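User: I have a protein open on my screen and would like to go through it bit by bit. Can you take my questions as they come?

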Amino acid sequence: MPPKNVPPPDPDADIPEETEETEDTTSFRLSVASVSNLPCPLDTSVLFAGICKSNRTSVVAESENPEGYELAKDKFIRKTDQDLFDDIVSKTLDVTLCDAAAENAVIGTTKLSLLPLLHDQTEIEMEVELTLTEAYHIKWWPDKEAELAEAAGKDKKGAPKAKAKAKAQEEPQEIIKRPEGFVPPPTVLRFAVRVDQLVGPAEDREDWTTFQWKMSGAFSLPERLLTVGLANPATDDPSLQPIRYKTIFLGTTMDAGCVAKPAEEKPTGGAGGGDEGETAEAEVTPEESAERYSPSIQFKTNQPLRYRGSSFLKQFRTMLNVAGGLWVYFLPEEIPSPDPKKPNPPEVGALTKHFAGKAWLDLRSFLHPGERLINDRRCPLRSAAATQEIVPDEATLEAANAYVKVSFELRLAPVAPPDPPVEDLRDLVYARPAYGKFPASEDPVEMYREAVQELLVTLARDCTGTSGANVASALQQLKASGSYEDIQELLRGAVLRVFRERMRKCTTAIPEKPLKGPQRSEWLAKAFAHLKGLAGPAPEVVAAPSDVPNRNARLALEAEISGNWDRAATRLQSRLLLAEVRCKPSEWIAYGKFCARCEGRRAAAEEALKQAVALIASGEAPDSQEDNQEVDMMLACLMLDRGRTDEAIAVFKEWHQKEPKEPLFAFLLGLGVFLADEEPAYAQRLLKSISSSRSDVSAYCDCLEKLLDYSQAGLVFTFLDQCKVIPKDVLDTDARLILIDARASIVERDYEAAAKRAARITTDLAAQADPLMVEAAWTLQGQCHHQLGDMERAIQCLESALAVGRKITDPAFYIRLGTVLVSERRWPQAREAYLKSIQLLPTAEAWSGVGYAEYRSDELQMCYEALREANLLDGERSDVWTMLALFHLRTECWEQATHCFQQCVRLKADCAELLCELGTEFAKASSARGDRDFAAFAAVAAPAALDGT
């Protein structure tokens with residue numbers, strides 16, 4: 001007979017069931033169909049409990065597959081209110097199969113969540129596999145059951161009655177022996193729960209959630225609070241303290257808190273000395289020490305799941321956007337003494353009010369897509385007592401660094417997680433039939449280009465002496481040299497071939513019917529634009545030869561600001577090809593610094609510096625002490641960063657011997673000796689000789705700024721983190737050092753770390769820091785958040801930099817501000833930012849930004865003027881040509897739109913958003929005008945946009 005494993009009774013008194021059905025109640029109808037595959041014939045009944053009061057079915061006579069269960073009370077009724085919704089999300093319907101012949105011993109149990117009945121379905125039909133208890137699982141092997149019963153010294157008892165037992169004595173039954181490897185079939189219970197309509201409120205159908213919070217304890221509390229009310233705190237059980245602790249959060253209360261003893265005994269030093277113990281203790285943070293070795297407040301129960309609807313979610317999202325968090329209240333309360341003759345000490349009541357506190361739970365992480373959990377976050381406690389309740393000269397929560405550990409979880413994230421990325425954007429494009437294609441026209445086009453090239457060569461050869469840009473004089477010289485007729489015939493033949501090819505493919509031309517009037521003019525205009533595009537970009541106003549180096553430098557700076565490192569490198573390389581530039585060591589040094597700033601170009605930086613060294617050694621360049629020093633220092637720093645310490649130390653030592661009072665040489669030599677790890681005392685002496693005062697770090701900052709100029713972030717981190725020259729308290733409080741640390745992180749492309757370091761200046765040190773440092777910190781944070789894609793935060797930081805009050809004169813600052821404002825679709829503010837940049841330095845990047853902002857604001861005339869300025873400064877920006885094509889389509893200047901689009905194709909435009917929009921505009925123009933060329937342009941623009949992404 002199985003043991004009498006009767007489940008403990010449920011607290012039915014706490015379940016608020018109703019007796020009658022009304023409009024504001026919900027009836028849950030229960031039914032049991034059958035049970036199959038019991039291990040032996042049994043008298044069974046089914047018990048429902050958990051979310052409802054205990055409700056047992058009738059007993060079905062012994063069977064291995066019983067069915068026909070009946071419930072005297074086939075439903076339970078609950079009032080449709082918040083308590084019901086909370087119970088549905090936090091409790092389950094517990095279903096137990098019982099052995100009626102063994103005093104309702106448990107055969108197996110299962111649990112069912114009624115959550116689908118809230119908003120998804122009105123019926124739950126279950127066919128669940130029961131996990132049998134050990135006493136009934138063994139019944140699948142009767143021989144083993146008999147052996148166990150015999151070993152226990154008991155008769156085999158079970159469901160059979162006395163008559164059956166006597167019959168068994170008269171007619172002994174053969175005990176079944178299962179084969180080896182026997183796997184019993186699953187025992188299955190079939191039952192259902194039904195409601196007349198969905199239980200949850202109708203307004204919450206598409207937007208509801210659950211939340212649960214947990215208090216893992218309150219720690220580092222004042223000793224006075226933990227011991228008050230105890231006669232002998234050293235020996236008394238702290239849980240007997242006459243104080244009950246409760247916490248309140250989001251309108252729910254947890255009130256079963258009491259003082260708990262330390263989780264661990266604090267270790268002491270070993271018998272041989274305290275070094276090991278002190279080392280282990282030093283590695284433990286104050287918070288870990290408080291949680292492990294000090295008394296704390298612990299709560300015996302956790303908050304159950306709570307249901308909340310759409311109104312809660314709306315308010316919760318508003319809270320996240322406005323406040324970003326909620327208060328968790330920590331409230332001690334006095335427990336009245338049960339014995340009037342032994343009242344609590346008089347100070348207990350006053351101290352419970354004095355130590356009332358609250359902790360701010362920062363929930364801003366929920367603004368990140370997909371975030372829905374905060375786990376064991378430490379929240380500092382601050383006093384929440386009224387002024388009149390504060391006890392003078394008493395310890396406070398703030399002074400004790402008290403805190404609580406809180407966990408909070410939502411069913412669904414307030415901000416939905418992002419959709420998974422599409423690997424190939426072409427999958428989003430609807431399939432379309434392939435268009436019929438004309439034969440390729442490469443041969444006529446190639447012949448035309450060769451003819452134009454030949455014409456340019458002839459002009460350069462025969463018209464070099466022409467004074468003034470005069471076409472007539474150039475023609476006279478060509479005729480005089482005898483090359484005019486040849487060039488004319490060559491160019492005419494090439495143009496005719498291109499014209500014939502275009503006419504053959506023209507869809508509006510009718511065979512044997514010449515083009516006349518406007519149709520002929522339109523065709524010739526398109527052909528001319530086509531020829532102009534084949535010959536190359538439209539001529540721009542090129543600066544005088546003496547301005548070409550400056551133009552390349554300006555375009556390189558623009559490309560670097562916009563993050564186009566390859567284009568910036570190309571511009572600087574073109575600049576170094578000019579005779580007046582490539583002979584200057586300072587230009588090669590500047591190019592070396594640029595390569596050091598780029599990822600993957602460190603080797604090119606060293607080669608550029610070696611080129612500068614070669615120029616200085618050859619004597620071709622004028623001797624400059626500044627250039628000699630700069631190239632030696634940067635080249636040696638590169639070698640030091642790559643582990644070639646001996647070569648670097650030799651260079652630093654040579655310069656240090658020449659100028660022993662120069663701080664930079666002593667600093668770099670000391671850093672090199674430190675990295676060589678040969679003479680640590682000598683390295684420390686060199687490094688400390690730079691500054692005479694412990695708190696004066698300006699000399700160190702100047703040296704670190706020079707390392708940043710060389711893009712040697714690793715050497716900066718080595719000095720700050722390993723050399724131990726500057727005291728830690730100075731490192732943590734000097735704004736300039738913190739800013740240098742953050743800038744070094746930017747060099748390493750660790751934007752998140754850089755933003756965190758710079759934030760210390762604008763928060764902890766804002767009051768005492770120099771306004772220049774505060775402005776630089778805000779600017780750096782804006783740059784980091786821009787790179788991290790947090791545009792809203794980037795705007796806040798950059799606007800905070802402006803609010804410092806100083807006039808910012810860096811054009812790149814306003815270009816960056818305009819870029820993040822454009823990403824947030826704040827067009828007027830973006831335009832103003834770009835215009836401020838232009839006032840400081842006119843750039844194609846800024847004018848392009850103005851044109852884009854004006855186009856989005858439907859200010860087309862201002863857009864056109866800005867784009868023309870951008871095109872004048874840099875005629876090879878594909879985004880500007882794309883914007884011009886859009887402008888001409890909007891203003892119905894079809895020929896100019898065609899020409900601009902051809903420039904986009906020539907420059908291999910990669911501005912995906914603009915190209916998609918351009919394809920749409922061409923498609924609209926094609927439908928309106930019936931122009932098949934525009935339809936072809938639309939078909940080209942869309943795939944180009946996909947390639948650009």
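User: Which way do helix 25 and helix 27 cross, left-handed or right-handed?

Analyst: The crossing of helix 25 and helix 27 is left-handed. Keep in mind that this is a predicted model.

User: What about the angle and the distance between their axes?

Analyst: The axes of helix 25 and helix 27 cross at roughly 140° and come within 9 Å. That angle is not over 145°, the cut-off for roughly antiparallel. Helix 25 and helix 27 are therefore oblique to each other.

User: Which residues meet there?

Analyst: From helix 25, A713, V716, F717 and L720 take part. They meet L737, I740, D741, A744, S745 and V747 of helix 27. By class, this contact of helix 25 with helix 27 has eight nonpolar residues, one polar and one charged.

User: Which residues of helix 25 are buried?

Analyst: Helix 25 covers residues 713-722, and its buried residues are A713, L715, V716, T718, F719 and L720. A713, V716 and L720 were also named in the contact with helix 27.

User: And what do the buried ones pack against?

Analyst: The buried residues of helix 25 pack against helix 20, helix 22, helix 23, helix 24, helix 26 and helix 27.

User: What happens just after helix 25?

Analyst: K724 comes just after helix 25 and has a positive phi of about 60°. Most residues other than glycine have a negative phi.

User: Where else is there a positive phi at a residue that is not a glycine?

Analyst: N104 has one of about 60°, and D393 also has one of about 60°. N104 sits in the loop between strand 7 and strand 8. D393 sits in the loop between strand 18 and strand 19.

User: Is D393 buried or exposed?

Analyst: D393 is exposed, because its relative accessibility is 84% and the cut-off for exposed is over 50%. N104 has a relative accessible area of 24%, so N104 is partly exposed.

User: Back to helix 27. How does helix 27 pack with helix 29?

Analyst: Helix 27 (residues 735-747) packs with helix 29 (residues 771-788) at an angle of about 20°, and their axes are 10 Å apart. That makes the two helices, 27 and 29, roughly parallel. The crossing of helix 27 and helix 29 is left-handed.

User: Who makes that contact?

Analyst: On helix 27, the residues are A735, R736, L739, A742, R743 and I746. On helix 29, they are M773, A776, A777, L780, Q783 and C784. This contact of helix 27 with helix 29 divides into nine nonpolar residues, one polar and two charged.

User: Helix 20 came up earlier. How does helix 20 sit against helix 19?

Analyst: Helix 19 (residues 602-618) and helix 20 (residues 625-641) have axes that come within 10 Å and cross at roughly 145°. Their crossing is left-handed. Helix 19 contributes R602, A605, E606, L609, A612, V613 and I616 to the contact. Helix 20 contributes D627, N628, V631, M634, L635, L638 and D641.

User: What classes of residue are those?

Analyst: The contact of helix 19 with helix 20 has nine nonpolar residues, four charged and one polar.

User: New topic. How many aromatic pairs are there in the whole structure?

Analyst: There are 24 aromatic pairs in the whole structure. One of the pairs is W213 with F249: the ring centres are 5.6 Å apart and the planes are at 65°, so the pair is edge-to-face.

User: Where do W213 and F249 lie?

Analyst: W213 is in strand 11 (residues 209-219) and F249 is in strand 12 (residues 243-249). The pair therefore ties together parts that are 36 residues apart in sequence.

User: Is W213 buried or exposed?

Analyst: W213 counts as buried, at 1% relative accessibility. F249 is buried as well, with a relative accessible area of 1%.

User: Which residues are in the aromatic cluster with them?

Analyst: W213 and F249 form one aromatic cluster with F211, F312, F316, F366 and F408.

User: Last one, the whole protein. How many helices and strands are there?

Analyst: The protein has 38 helices and 19 strands. Of its 949 residues, 42% are buried. Among contacts between residues at least 6 apart in sequence, 70% join residues at least 24 apart.

How values were computed:
Residues numbered from 1 in each chain as written. Predicted model: local features only at pLDDT ≥ 70, side-chain atom pairs only at ≥ 80, totals over all residues. Heavy atoms only, no water. Axes fitted to C-alpha atoms, helices over the stretch in contact; angles between N-to-C directions. Helix = DSSP H or I, 4+ residues; strand = E, 2+ residues; numbered from the N terminus. Parallel < 35°, antiparallel > 145°, perpendicular 65-115°, else oblique. Left-handed = near helix turned anticlockwise from the far one by under 90°. Contact = heavy atoms within 4.5 Å. Nonpolar A, V, L, I, M, F, W, Y, C, P; charged D, E, K, R; others polar. Phe/Tyr/Trp six-rings, centres within 6.5 Å; stacked < 30°, edge-to-face > 60°. Buried < 20%, exposed > 50% of the residue type's maximum accessible area, 1.4 Å probe, protein only.
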